[in-house]
Amino acid sequence: MKRLSLQELNSGSEPALELDVAIVGGGVSGLYSGWRLLTAPNRPEKVHVFEMSDRIGGRLESIQLPGMHIPGELGGMRYTTQHEIVTALIEKVFAAQLTPVPFSMGDPATHYFYMRTQRFRANAWQQAQAEGSKFHSHYFLRPDLCGFSPDQLFNKIVYDVLLADPWFVQNYAGKVSNPARYDYRFQLTAEDWDSIKPRLTYCFPGAYHGMHVNDLGFWNVIKDQAGEEAFEYLGVAGGYYSNVANWNAAEAFPYMVGDFSNAATAYKTIAGGYDQTAYALADAFLHQRGSAIWAQNRLVNFEKTSAGPRRYSLTVFNGPSQKTWTVHADAIILAMPRRSLELLNQFNFFFDPETQLQRHRHMASVIMEPAFKLLMGFEEPWWKEHFGCTSGESVTDLPMRQCYYFGTDTHDSHSLFLASYNDMQSVPFWDVLESKDLEHWHPHPHKPHRIGTRTLEPQTWKKHARWTPRATSLAPQHEIDKFLDVQAPAAMVREAMAQVRELHGNAHIPDPYITHFKNWTEDPFGAGYHAWKAGVNVAEVMRYMRRPEPAEAIHICGEAYSDQQGWVEGALCVAERMLQEHFALAWPEWLNPKY
C-alpha cells in the first residue's frame with residue numbers, strides 16, 4: 001500500500017461545503033465508518049473525513065528508517081485472529097493489498113528479565129517448573145505464590161475469583177479448569193463474558209465481600225488475592241503498568257486471560273507496517289463517489305442550525321491558511337478518543353458542562369493511559385550476535401520497561417530495535433527529557449543559539465539538542481537528513497542506551513545511528529490507550545456514546561469507549577455497531593454473522 005499524498009488528503013478548504021455525514025478523525029474508526037457508509041446499498045451522497053494532522057491512521061503509525069526495509073511501529077503493531085473484523089478486512093476484503101505476516105514473540109529462552117537488579121532469562125519460571133522446583137525472583141511473594149510466572153499468577157487470580165462465586169460455578173464451571181498447579185484454562189466466549197462481567201460477585205471474606213467485581217479496581221482485587229508485593233511484581237514483570245492500573249476488574253479479567261496471559265495467543269501484523277490497514281480503508285473510501293479526506297483541518301466547534309442548508313454547522317480550522325471555514329452536515333461522527341473530545345469547544349449545546357452532566361460523566365468513565373515508544377536503528381543486530389536474543393521482548397523495572405527486537409533487514413545487516421515501550425507512571429521519566437524547545441533545533445550546537453528571549457550557550461544547548469544521526473554505508477546522508485526533525489533528544493538517547501546496556505549486562509553495546517520517538521500522551525491523543533474505570537456500567541456507556549442524544553444525529557466511536565480497549569478491533573466493533581444501529585447498515589457479508 002502506498003501512503004496518500006497531501007493532494008489526495010486535501011489540505012485546502014471549501015467554505016459552505018454541504019455533506020450528508022461529516023466524520024471527524026482520520027483514524028481507523030473514522031475511515032472505516034466512511035468506507036462502510038459509501039459502500040452500502042442505502043448510501044448517503046456525500047461523506048467527508050476531517051483530520052487535524054497531515055497524515056491518517058490515528059494511533060497507528062508505521063515508519064521506515066533510512067537504511068532498512070523493516071517497518072517500525074510507533075503505535076499499534078499487531079492483531080490476533082480472535083479480532084474478527086480486523087482479520088476479515090486484512091485477509092478477505094483487502095487481501096489483494098494487504099499481506100498478513102506473523103508478529104513473532106520469539107523464544108523466551110533468548111529474552112531477558114531484569115528486575116530489582118536480578119537478571120535472568122524469560123523462561124526461568126517454566127524451566128524451574130519442569131525440573132520440579134520453583135524459580136525465586138527478588139520479590140517476596142507469599143510461599144503459595146512463589147514459582148508462578150506473571151502470566152500464570154494473573155490467570156490464578158482470575159480463576160480463583162470466578163470459582164468462588166456460586167452463580168459462576170452453576171453456569172460456567174465447565175468452561176474453566178486447573179489441570180495442573182500452574183496451568184489455568186479458560187474457554188469462555190465473548191458472549192459468556194458479556195453475561196459474567198456485570199453479575200460476577202466477589203465472594204471472599206473481608207472488605208470487598210459481596211461486592212460486584214465490576215465495582216472493584218483490578219489493583220483492589222490483586223492486592224486482596226495475592227498481596228501488595230504480588231501487585232508490584234505483576235506490574236513490573238507483566239510488562240505494562242496499565243495492566244494492573246486500578247481499572248474495572250470485571251473488564252480486566254477477559255482482557256488478561258484472553259490476550260496477555262494466554263500462551264496460545266498468536267499475533268499477526270501487516271507486511272510494510274500495521275498502519276497499512278488504515279491506508280487500505282482510506283484508499284477504498286476515496287474511490288467512492290462523494291468522498292474526501294481533509295487533512296490539516298481541525299474541528300473547533302459545531303452548532304445546530306435553524307435555517308441553514310443542513311442540520312449542523314461545523315467550524316473547521318485550516319492549518320495551512322490559518323483560517324476557519326464552515327461545513328454544513330446532517331450528521332456528525334466524532335471518531336475521537338476522550339482527550340480529543342475534551343479539546344473541542346465545551347460550551348456548545350452538545351458539551352455544555354452546566355446542562356450535559358451525564359455526557360461529561362460518561363466521557364470521563366475511561367482512564368487515559370500514557371504510552372511512549374523510542375525506536376532505534378543499528379548497523380548490526382547486536383542482540384543476536386552477543387546475547388542470542390530473537391524477535392520478541394525483554395522486560396525490566398528500569399524506566400525503559402520493555403524492549404522489542406524487531407529484526408534484521410533481509411537486504412543487509414541494519415536492524416530495528418524498540419529501545420523503550422513504556423506506559424503509565426514511567427512515561428513522566430521520559431517527559432522531562434523531551435524538550436519542548438526541540439522545534440528550535442539547529443545544526444550548529446557549538447554556537448550560541450537564541451530561543452525566544454533566551455540565548456543558549458553551547459554547554460547549555462547540549463541538553464536541548466537532538467540526537468545526531470549518522471550516515472552509514474547503507475543509509476546515505478541525504479536520506480538521514482529527512483529524519484533530522486524526528487530525532488529523540490540526545491539526553492534521552494544516552495539515558496535509554498544506559499538502561500539497555502544495564503538490562504543486557506553489557507557496557508559495549510553500540511549507539512544507534514538513528515532514532516525516532518513518539519509520546520502518545522501529548523494532545524490531541526492524550527493517551528496511548530484507555531481503560532474503563534471501576535463501577536462503570538460499560539454496556540450502558542458504550543451504547544450511550546454511540547448516540548449520546550437520541551434527538552441528535554451526533555455519534556462517538558473509537559477505541560476509547562469499546563470493550564476491547566487498546567486494540568484496533570475495539571474501534572471497529574464500536575463503529576460497526578453504530579453504523580448498524582443508527583445508519584441502518586446491514587451486516588457486512590464478509591464478516592462472520594455469529595461474531
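A residue counts as exposed when its relative accessible area is over 50%, as buried when that area is under 20%, and as partly exposed in between. At 63% relative accessibility, Thr117 therefore falls in the exposed class. The structure in which Thr117 is judged here is a predicted model, and every value below is computed from that model.

**The chain as a whole**

The chain contains 20 helices and 25 strands. Its radius of gyration is 25 Å, close to the 25 Å that the globule rule gives for 595 residues, so the chain is as compact as a globular protein of that length. Taken along the principal axes, the C-alpha atoms fill a box of roughly 75 × 70 × 50 Å. Buried residues make up 57% of the 595 residues, and the accessible surface of the chain comes to about 24000 Å², of which 52% belongs to carbon and sulfur atoms. Among the contacts with a separation of 6 or more, 71% are accounted for by residues 24 or more positions apart. The chain carries 53 positive and 66 negative charges, and the mean positions of these two sets are 1 Å apart.

**Helix H20 and its surroundings**

Helix H20 covers residues 568-582, and its end C-alpha atoms are 21 Å apart, which agrees with the 21 Å that 15 residues should span at 1.5 Å a residue. This helix is mostly covered, with eleven of its 15 residues buried; among them are Val568, Leu572, Cys573, Met578 and Leu579, and also the two glutamates Glu569 and Glu576. What covers the buried residues of H20 includes helix H2 (28-38), helix H3 (84-93), strand E15 (323-335), helix H19 (538-546) and strand E25 (554-557). Just after H20, Ala584 takes a positive phi of about 60°.

Helix H3, one of the elements covering H20, has buried residues of its own, namely Ile85, Val86, Thr87, Ala88, Leu89 and Ile90. These pack against H2, H20, strand E5 (79-80), strand E6 (100-102), strand E11 (267-270) and helix H11 (276-286).

**Three residues compared by accessibility**

| Residue | Relative accessible area | Class |
|---|---|---|
| Ser137 | 14% | buried |
| Gln126 | 36% | partly exposed |
| Thr117 | 63% | exposed |

Ser137 lies in the loop between helix H4 (124-130) and helix H5 (150-164), and, leaving aside its neighbours within four places in sequence, Ser137 is in contact with Gln118 and Tyr233. Because its relative accessible area of 14% is under the 20% cut-off, Ser137 is classed as buried.

Gln126 is found in helix H4, and its contacts, again leaving aside neighbours within four places in sequence, are with Ser149 and Gln152. Between Gln126 and Phe204 there are 30 Å in space, C-alpha to C-alpha, and 78 residues in sequence.

**Backbone features in loops**

Thr117 lies in the loop between strand E7 (112-115) and strand E8 (118-121), where its phi is near 65°, a positive value in a residue other than glycine. Ala16, which is found in the loop between helix H1 (6-9) and strand E1 (17-24), likewise has a positive phi, near 70°. In the loop between strand E23 (514-519) and strand E24 (529-532) is Pro524, and the peptide bond from Asp523 to Pro524 is cis, with omega near 10°.

Technical notes
Residues numbered from 1 in each chain as written. Predicted model: local features only at pLDDT ≥ 70, side-chain atom pairs only at ≥ 80, totals over all residues. Heavy atoms only, no water. Helix = DSSP H or I, 4+ residues; strand = E, 2+ residues; numbered from the N terminus. Rg over C-alpha atoms; globule rule 2.2 N^0.38 Å. Buried < 20%, exposed > 50% of the residue type's maximum accessible area, 1.4 Å probe, protein only. Contact = heavy atoms within 4.5 Å. Areas by Shrake-Rupley, 256 points an atom, 1.4 Å probe, with all protein chains shown as cover. Lys, Arg positive; Asp, Glu negative; His and termini not counted. Charge placed at Lys NZ, Arg CZ, Asp CG, Glu CD. Expected span 1.5 Å × (residues − 1).
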